[in-house]
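Here is a walk through one model, part by part. Keep the 3D view open and follow along.

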Amino acid sequence: MRVLVIGSGAREHALLLALRRDPQVTGLAIAPGNAGTARVAEQRDVDIASGDEVVALARDVRADLVVIGPEVPLVLGVADAVRAAGIACFGPSAAAARIEGSKAFAKDVMSAAGVSTAVSEIVDNPALLDAALDRFGPPNGDPAWVVKDDRLAAGKGVVVTPDREVARAHAAGLLEAGHPVLLESYLDGPEVSLFCVVDDHTVVPLLPAQDFKRVGDGDTGPNTGGMGAYAPLPWLPEDVHRSIVADIVEPVAAELARRGCPFSGLLYVGLAITAKGPAVVEFNCRFGDPETQAVLALLESPLGQLLHAAATGVLADFGELRWSDGAAVAVVLAAENYPGRPRVGDVIVGSEAEGVLHAGTARRQDGEIVSSGGRVLSVVGTGADLAAARAAAYHILDSIRLPGSHFRSDIGLAAAEGRIRV
């Protein structure tokens, strides 16, 4: 089986490494990739938002399966174009990808499916913003305002703040840009990320993970695309894990099918484990980054065969997944000034070490690997438990040099020390 992966981040690098372990995968290609993925797979160039270009490339590399990593091509219908060309594709249709592309659509689906989520309100008129803000936030018992971009925002369209003026400024900026704003009630409790491979009504859950969106230690600073993650979650009871699948993911998959847009691909649910039980923060239509790096490091089942089964409608026959014992921790190394406009073009030392996954990297003509984006590398450590996995990840980070770079030092620390409770 020849597999073409679409994307260029650490998530796609992790997918390639896991696919390479599958004995039935005989060839790997990636487009557009980065300096690290070029060592793992045939590297090609493509406009990932163009269905025609992706189809032409899939034919050129004789792909038996196309795996689409990022959300933008999925929302734009690239998976539809690949399937229409008769090529198996892991990734939902544009209609099903609205579960991430429109938060209003996701809320409507959850409401119809009877799924617990935050109370919300869409604001699309600046004149209505202040009255809507009055219905949320600290005056109403919530510790903070939660303001989201209704459209795709690469994980950075959310502001959670106790400061009304900060919340208002973020919302006003989105409205000025023509983006509807979603206001939500605040959900308390530790967060969980759960990936599920889905084929219509069939749902196969992966290990639960937890990611870290704030840029600084102790969950300080602005939101980012994700600064690290760990898996599994020693503090999450197995019955809660099962209830997330049975009471949230399966009903949502069934509702999408009922609406005529069955989901085929990776359905990601982000949740808060509140005092009243799990409640949905968001749904995504693809593997999350950086959780993918940690979760796939522990997967023993053949990934290529799993994704191909979902893409060809036979996921129900795949069987139970197998996992390595122990834990995995992924820590993101970010460029100077990220999540603002990052400094790029600096030489990276140590980026080709074992356990290092590339995201914002490129190779110069002189052969040096340089930074080319905000989240530059993702370093993955594994071990018998979270403490050992953390030690392994940070040991690798100690050997990497990138001027002005930064990373969080507390990824998985609270869980390793037993400080998270449900």
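Which helix gives the most to the lining of the second largest pocket? The model is a predicted one, and the pocket is a good place to enter it. Helix H1 gives the most to this lining, with four residues. H1 spans residues 10-20. Helix H10 (291-296), strand E19 (356-358) and strand E22 (375-383) also supply at least two residues each.

In total, 19 residues line the second largest pocket. Leu17, Glu354, Gly355, Val356 and Leu357 lie nearest its centre. By character, the lining divides into nine nonpolar, five polar and five charged residues. The space in this pocket comes to about 560 Å³.

Now turn to the sheet. Four strands form it, in the order E6-E9-E7-E8. The sheet is open, and its pairing is antiparallel. Strand E6 (120-123) and strand E8 (158-161) stand at the edges. Each has a single partner strand, so one side of each is left without a neighbour in the sheet. From one strand to the next, the twist averages 20°.

Take the E6 edge in more detail. E6 pairs with strand E9 (residues 181-184) over four bridges, in the antiparallel sense. Glutamate 121 has leucine 183 in E9 as its bridge partner.

Two helices meet this sheet. Helix H8 (residues 164-176) packs on it and touches E6, E7, E8 and E9. The direction of H8 makes about 15° with that of E7. Helix H6 (residues 103-113) lies across E6, strand E7 (145-149) and E9. H6 runs at about 45° to E9.

Stay with H6. Which of its residues are buried? They are Lys103, Phe105, Ala106, Lys107, Val109 and Met110. Two lysines are therefore on the list of buried residues, where buried means under 20% relative accessible area. The buried residues of H6 pack against E6, E7 and E9, and also against H5, H9 and E17. Just after H6, glycine 114 takes a positive phi of about 70°.

Helix H5 (residues 94-101) has its own buried set: Ala96, Ala97, Ile99, Glu100 and Gly101. What do these residues pack against? Their partners are helix H3 (71-75), H6, helix H9 (238-258), strand E16 (264-274) and strand E17 (277-284). H9 and E17 also appear among the partners of the buried residues of H6.

Notes. Residues numbered from 1 in each chain as written. Predicted model: local features only at pLDDT ≥ 70, side-chain atom pairs only at ≥ 80, totals over all residues. Heavy atoms only, no water. Pairing = 2+ DSSP bridges. Axes fitted to C-alpha atoms, helices over the stretch in contact; angles between N-to-C directions. Contact = heavy atoms within 4.5 Å. Buried < 20%, exposed > 50% of the residue type's maximum accessible area, 1.4 Å probe, protein only. 1 Å grid on protein atoms, 1.4 Å probe; cavity = no way out; pocket = protein on both sides within 12 Å on 5 of 7 lines; lining within 4 Å. Points joined across faces, edges and corners; volume = space filled by probe spheres on them. Nonpolar A, V, L, I, M, F, W, Y, C, P; charged D, E, K, R; others polar.
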